[in-house]
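This report looks at charged pairs and a surface patch in one protein chain. Please view the sequence and the structure before reading on.

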Amino acid sequence: MKLFKQLLFFFLISVYNLSAQFSINGKITDKQNQPLPFANVILLSNEKEALPKGMVSDDNGNYIFEKVKKGTYTIEISMLGFKTKNLKAFELNSNRTFNFTLEEENESLDEVVIKSKRPVIRQTAEKLVLDLEKSEMLNSNLQDVVKRVPGVIVTNNGINFAGRSDIRILINGKTTDYMDVETLLQNLPADNIAKVELIEQPGAEFDAEGSGPIINIILKKNVRLGTHGSVGVWVGEDEGIEYGANASIASYKNKLNWQLSTGYSAPTWRNDLFINRRVVDPGTNETVTYDQATIEPFDPKNTWLSGSIDYYINDKNTIGFSTRYNNTMSDRVGSSNTEVRSTTNIERFVTENSFDRERNTFSINPYYEFKSDNDKFILDFNYVNFVNENTNTIDAVNGNTVPFVNQRYLQDGKYTIRTIKADYNKNITDDFKVSFGSKFSDVDTDSDLKLFTQNTNGNFDFQADDSNRFIIDERIFALYTKVNYKWSDWSLSAGVRYENSDTRGTSTSTDETRTRIISQLFPSASLSKKLTEKLGANVAYSYRIRRPNYNSLNSFVTLYDPLTSEVGNPALKPAFTNNLQFNLTFDNQPFFTVSYSETSDDLFLFISQDDATAQISRTTINLQDRQNWNFRLFGPLSFIENLDGFTGFIVDYNKFESNELSPNLFLSKWNLGWYTQASYKLPWDINAEMSSYFGTGALEGQIDAGWIGDLSFSFGKKFLDDKLKVNLGINKVLNRGFVGTVNYDNIDANIESNGSRQNVQLRLTYSFGSRFGKKKAKRNASEEEQNRIDNNN
């Protein structure tokens, strides 16, 4: 019996030793006893097979490891700007507390302490990263943020990078519900943006869609437990008083994480178009001048509501669900006045175009995620429904001397996108990683154009011959694989993506169906080499496709005024692009870049003119060949005391060529751009920032644009223990707009596209609770399809 009791005792002791779990906690401060948040804390076990545990300290410098088994451990504390500290090995057989005091890296007596800072911009083989999280950059909305990316120009005509306007915007790897770039730039608050990625060489995990770069906006990840949120209001003046408000709240307790956000905005701006054309009358051979001025104010009303919930089943499995609703209403009146001058006569087209547009967007996105130390699997489903209801009426008004029949267009569109996507990542070793994935998307669009003309009684009659309903049914299936491998000073990333797309477009007016089936492999690769301690080099390649957006396939004829229209092209083919890029980096920051891209069947916005009617029309065509060269040289401004930011030059060359047009089209031009972004700390802890760019001129399709420039300032200060942020932005101080010429075939025109000047905005944001709560960032499976639905409001 005694022996049995001893064995039982030793058995219980062994079970206790195996199952006993303790906690390790403490606080991290500097030598002034100030808490250090976001310090890296690593717990290392002496057992060979045991994996290290890691975390970051909270706002008060506290850290805690829970449910740690009995054993021998060491602790390592590190933080940028401070010396790393190591705790000697200790035995854990009860709860332990260890406090740490870190010494600054460059501390010396009677000297100014300089803390190292995260670079504002850095370059990898596949992308350029603009880091905002640790910088003092001040931004009001996404437009402010995008302007900070070296080489990006934001104008009335959209976004341009190094001579390319075919840019896609993603947020956390997914496309926002906004369908037009202007609304997206104006209304997405910038407060939670951590960094911006300019992805010029997308890997196989990205959709092959697009010939230009991707701008991926990464939101700040929440790292705090508890409940937190923010409220914000803003007011400004552009083309009248503009204003908006937004609010968000989130909570992460135990295994449940939920978030809600809502907002309303009423911005104002103006897009004016001036065209001066010389037209040779084919009957008299006389040159007639058409001097057109179109004034178009914008004042949309935007409302949005979104929510998400995540449930952490255990350390490895998570399920989640998110939904979003957006509503945009835009009622506006554009006026057009065209003076037609000949040697014997002067006539005037004077019209007003009244727009009444409403867009509703609804999306739901459930997902499942498995994540361990070496494996990660995500299954993502996304459903998106867009409904557009658009009415515009063109009326002749007082002053018009040319007979014109008033017209009304009803343009309704419905879009339904269903996608399912699976991604799997496996870490074979610390230096070798493989990825696999698949995606299926099902897109249905229904665009209905109805034209009505006004009769002598003042009523509008339906014109069946000029109306059309266009239905598109598209299926895309994709598979990809990718490997990442590091050895010595080399690193390789290579992958291939297979996509099979089946697109069918049906016109009800002609009872004709067009079918396009594409099966294609899209390879991508990048190779990097560390040349010295500071200098690195990399080269990257990608092959991509750009499918026509759904509206451009529709054979609608949309009349903007009696002399200007836009025509769809159901015969469009996709464009294919080869991209090649070489980078030299210094301390992981962009230093020198050379890139080249060539696109076959480029989707080109073609301008044509009918001399008999003097009507000018735009339509997207497939251009035979497009080439783009790009050279960049950048450097930081940190060598100037108290100044942060960067400056640099970009030289790009664009060439458009087609022997299939009559006459043959050949356009080419070099452009030099100078970009600067600088931030400076003023007295009273006011952060000031200046951003500017200047370009000598570039090609915008057929338009040979002249020099362009912009200059903006921003000032910000924090109050109430950094909970209240006040920001004043003064934008477009110098904004020449878009001025160019078109000289091709029978077109001889000067064009100016101008917007409003000197936009001023005052923004207040108050944060409460834990500043940031935990949030997972993932890609939306429908990012490609949503990009191609291009409805302007």
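## A buried aspartate and its partner

Asp442 has a relative accessibility of 13%, so Asp442 counts as buried. The model shown here is predicted.

Asp442 forms a salt bridge with Arg475, and the closest N and O atoms of the two are 2.3 Å apart. The pair links distant parts of the chain: Asp442 is in strand β26 (residues 432-454) and Arg475 is in strand β27, 33 residues apart. Arg475 counts as partly exposed because its relative accessibility is 27%, and the range for that class runs from 20% to 50%.

## Two further salt bridges

Strand β27, residues 460-487, also holds Lys482. Lys482 forms a salt bridge with Glu205, with the closest N and O atoms 3.0 Å apart. Glu205 sits in the loop between β14 (193-199) and β15 (214-219), so this pair ties together parts that are 277 residues apart in sequence. With a relative accessibility of 9%, Lys482 counts as buried.

Another salt bridge joins Lys421 and Asp423, whose closest N and O atoms are 2.5 Å apart. Are these two residues buried or exposed? Lys421 counts as buried, at 5% relative accessibility. Asp423 counts as buried as well, at 15% relative accessibility. The cut-off behind both statements is a relative accessible area under 20%.

## Salt bridges as a set

How many salt bridges does the count come to? The count comes to 30 salt bridges.

Some charged residues are joined in a network. Asp207, Lys439, Arg497, Glu499 and Arg547 are linked in this way by salt bridges.

## A nonpolar patch on the surface

The surface also carries a nonpolar patch of about 710 Å². The residues that make the patch are Val233, Val235, Ile241, Tyr243, Tyr264, Leu728, Val760, Leu762 and Leu764. Three strands each supply at least two residues of the patch: β16 (226-237), β17 (241-253) and β45 (759-769).

Which strand gives the largest share of the patch? That strand is β45, with 3 residues. Val760 lies in strand β45 and is one of the residues that make the patch. At 34% relative accessibility, Val760 counts as partly exposed. A residue needs over 30% relative accessible area to be part of a patch, so the 34% of Val760 meets that cut-off.

How values were computed:
Residues numbered from 1 in each chain as written. Predicted model: local features only at pLDDT ≥ 70, side-chain atom pairs only at ≥ 80, totals over all residues. Heavy atoms only, no water. Patch = residues over 30% accessible without salt bridge, like charges linked within 9 Å, V, L, I, M, F, W, Y side chains within 5 Å. Areas by Shrake-Rupley, 256 points an atom, 1.4 Å probe, with all protein chains shown as cover. Salt bridge = Lys/Arg side-chain N within 4 Å of Asp/Glu carboxyl O. Helix = DSSP H or I, 4+ residues; strand = E, 2+ residues; numbered from the N terminus. Buried < 20%, exposed > 50% of the residue type's maximum accessible area, 1.4 Å probe, protein only.
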